[in-house]
Amino acid sequence: MRRRTTLIAVDGGNSKTDLAIITARGELLAVERGPSISHQQVPIDLATDRLIQLAGRAATAAAIPLPVTRGSFVLAGADFPGDTALLRRAFGGAGVAHHIAVRNDAFGALRAGVRQGWGIAVICGSGVNAAGIGPDGRTERFAAIDDLSGDFGGGYGIGVEALRLAVRARDGRGARTALETVVPAHFDLRRPIDVTRAIYEGRIPRRRLEELAPAVFAAARDGDAPARELVERVADELATMAAAIARRLRVTRRAVEVVLVGGVFRTTDRAFHARLEGGIHRAVPGATVARLDAPPVLGAALLAIDDLGARGAAAAERRLRAAFAAR
């Protein structure tokens, strides 16, 4: 009996990793979730060990041996050529796949979300990014390394700004806000400056500030003016990112799919979503805006099938989308 061609798909974010094993025909054999393998979050040796363990669990569940034929990795932190080369060396030598491709995670989300083959993805999870593929196949994205590349937003950025607003309100430099209470309470502390000190002294990891994003949205919904201004600023920035990618792809006059990806978009704050979509439509009137309705690891899996270049790719994509939808 002919052996099935098996592929590994990996979506590696800043906070978690999803790994799927599929066949070239689009059959979903196993899905596993584990901690981040981003080299910007953990040392590359630890990231590789985590990958090996995660792939091993998935292979056991799928009842297949490793290495598989190909691996498709869409990774947070694959920002510059040096990053991509480092990740390709480390993960390519992990023994999980004979050949691997490494891309920025924005392109996995984009592949999962758009149906016409091209479009724009706006990511707002722990951090922010936007990427696009034009109808001519050209790609564009941002560097996405926080304030060093001009970024604002994401759960982490929202949390940093929430702490800043809370500290300044309490010490008299800023407007009074419910965040004065909300921010320290989240960490079981009394004052905003206590949070600052705990981070400075290493008792609270700085990345935990991203946990504050839902509290900021809640305060905004309750009428807190500084929180509302922060939420509006995030919406405006995300719309600006989508518009910039559209201009760079020269598709502002086209019917563009804009896919929203990441945990921040789970908010039910209608004003936030209305402001975001309004900003996108002012720049790209023909845009359709929707949240990603599939896990980004689906995009990594579809890219693995694309890379294989096998016949029947369209049928495999339909089969794979249906399998993920059934989950």
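Ala 78 touches seven residues beyond its sequence neighbourhood of four places on either side: Asp 83, Thr 84, Leu 87, Val 102, Arg 103, Asn 104 and Arg 141. The model in which these contacts occur is a predicted one. Ala 78 lies in the loop that runs between strand E4 and helix H2, the latter covering residues 81-92. With a relative accessible area of 3%, Ala 78 falls under the 20% limit and therefore counts as buried. The C-alpha atom of Ala 78 is separated by 8.9 Å from that of His 39, although these positions lie 39 residues apart along the chain count.

**Arg 141 and its surroundings**

One of the contacts of Ala 78 is Arg 141, a residue of strand E8 (residues 139-141). The side chain of Arg 141 reaches the backbone oxygen of Ala 78 at 3.2 Å. Which other residues does Arg 141 touch, not counting those up to four places away in sequence? Besides Ala 78, the list holds Asp 79, Phe 80, Asn 104, Phe 107, Asn 129, Ala 130, Ala 131, Ile 245 and Arg 248.

**Strands E6, E7 and E8**

Arg 141 is also the bridge partner, in E8, of Ala 131. Strands E7 and E8 pair in the antiparallel sense over three bridges. They form a hairpin with five residues between the strands, in which Gly 137 takes a positive phi near 90°. On the other side of the pairing list, E7 and strand E6 (residues 119-124) are antiparallel as well, with six bridges. Three residues stand between E6 and E7 in their hairpin. Ala 121 has Ala 131 as its bridge partner in E7. Strand E7 (residues 128-133) is largely enclosed by the rest of the structure, because five of its six residues are buried.

**Strand E4 and its partners**

Strand E4 (residues 68-75) has six of its eight residues buried, so the rest of the structure largely encloses it. Strand E1 (residues 6-12) pairs with E4 in the parallel sense over six bridges, and Asp 11 stands opposite Val 74 in E4. E4 is also joined to strand E5 (residues 97-104), again running parallel, by seven bridges. Within that pairing, His 99 in E5 is the bridge partner of Arg 70.

The strand pairings described above are collected here.

| Strands | Sense | Bridges |
|---|---|---|
| E6 and E7 | antiparallel | six |
| E7 and E8 | antiparallel | three |
| E1 and E4 | parallel | six |
| E4 and E5 | parallel | seven |

**Nonpolar cores**

The largest nonpolar core has 54 residues, and those with the most contacts inside it are Val 122, Leu 238 and Val 258. Helix H8 (residues 225-249) gives the most to this core, with 13 residues. Another core, of 29 residues, lies apart from it and includes Leu 7, Ala 109, Ala 131 and Ala 301. Val 122 touches Leu 238 and Val 258, and its further contacts include Asn 129, Ala 130, Ala 242 and Phe 265, with residues up to four places away in sequence left aside.

**Local backbone features**

A cis peptide bond, with omega of about 5°, joins Leu 66 and Pro 67. Pro 67 is found in the loop between helix H1 (44-62) and E4. Ala 63 lies in the loop between H1 and E4 too, and its phi is near 60°, a positive value in a residue other than glycine. At 67% relative accessibility, Ala 63 counts as exposed. Arg 250, placed in the loop between H8 and strand E9 (257-261), likewise has a positive phi near 60° without being a glycine. The relative accessible area of Arg 250 is 68%, and this residue is exposed.

**The chain as a whole**

The secondary structure comprises eleven helices and ten strands. The chain is as compact as a globular protein of its length, because its radius of gyration is 21 Å, close to the 20 Å that the globule rule gives for 327 residues. The C-alpha trace spans about 75 × 50 × 35 Å along its principal axes. Of the 327 residues, 53% count as buried. Among contacts with a separation of 6 or more, 67% are between residues 24 or more positions apart. The accessible surface comes to about 15200 Å², and carbon and sulfur atoms hold 50% of it.

Methods. Residues numbered from 1 in each chain as written. Predicted model: local features only at pLDDT ≥ 70, side-chain atom pairs only at ≥ 80, totals over all residues. Heavy atoms only, no water. Core = buried A, V, L, I, M, F, W, Y, C linked by side-chain atoms within 4.5 Å. Buried < 20%, exposed > 50% of the residue type's maximum accessible area, 1.4 Å probe, protein only. Helix = DSSP H or I, 4+ residues; strand = E, 2+ residues; numbered from the N terminus. Contact = heavy atoms within 4.5 Å. Polar contact = N/O pair within 3.5 Å; in protein donor to acceptor, adjacent residues only side chain to side chain. Rg over C-alpha atoms; globule rule 2.2 N^0.38 Å. Areas by Shrake-Rupley, 256 points an atom, 1.4 Å probe, with all protein chains shown as cover. Pairing = 2+ DSSP bridges.
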